Amino acid sequence: QVKLQFERRANMNCGDFTPTEYRTQVVAGTMYFIKVRVSDVEYVHLKVFLALPHENQGPSLVDFQTGKTRDDPLTYF
């Protein structure tokens, strides 16, 4: 659901956009840290916020890190 947000902000067109790992942090909603494969060798880390259900909002891309590899650890940022 955040692929288009990422592509616009990173100025990339991703043929592959496969999540491979994630972590969560509970705040006033849930913060997701997601490792996504965007090519055979390149990964990105996404920080996605999902508000509480009563706020009736979809997920939003908060931040991202590009230039990651499969072996880079997924950490909070």
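**Exercise 1.** What percentage of the 77 residues in the protein chain is buried?

*Solution.* The model is predicted: local features need pLDDT of at least 70, side-chain atom pairs count only at pLDDT 80 or more, and totals for chains, interfaces and linings use all residues. Residues are numbered from 1 along each chain as its sequence is written, and side-chain values use heavy atoms, with hydrogens and water left out. Buried means under 20% relative accessible area, exposed over 50%, and partly exposed in between (1.4 Å probe, protein chains only). By this criterion, buried residues form 26% of the 77 residues.

**Exercise 2.** Describe the secondary structure of the protein chain and of the annotated domain.

*Solution.* Helices (H or I, at least four residues) and strands (E, at least two) are DSSP runs, numbered from the N terminus. The protein chain contains 1 helix and 4 strands, in the sequence order α-β-β-β-β. An unreviewed UniProt entry assigns "domain: Cystatin" to residues 17-69; such annotations may be inferred rather than shown by experiment. That span is 0% helix and 70% strand, and its end C-alpha atoms are 14 Å apart.

**Exercise 3.** Compare the radius of gyration with the globule rule, then give the chain dimensions and the contact share.

*Solution.* The radius of gyration is taken over C-alpha atoms, and the rule is 2.2 Å times the number of residues to the power 0.38. For 77 residues, a compact globule would have a value near 11 Å; the protein chain has 12 Å, which agrees. The C-alpha trace spans about 40 × 25 × 15 Å along its principal axes. Of the contacts (heavy atoms within 4.5 Å) with a separation of 6 or more, 37% join residues 24 or more positions apart.
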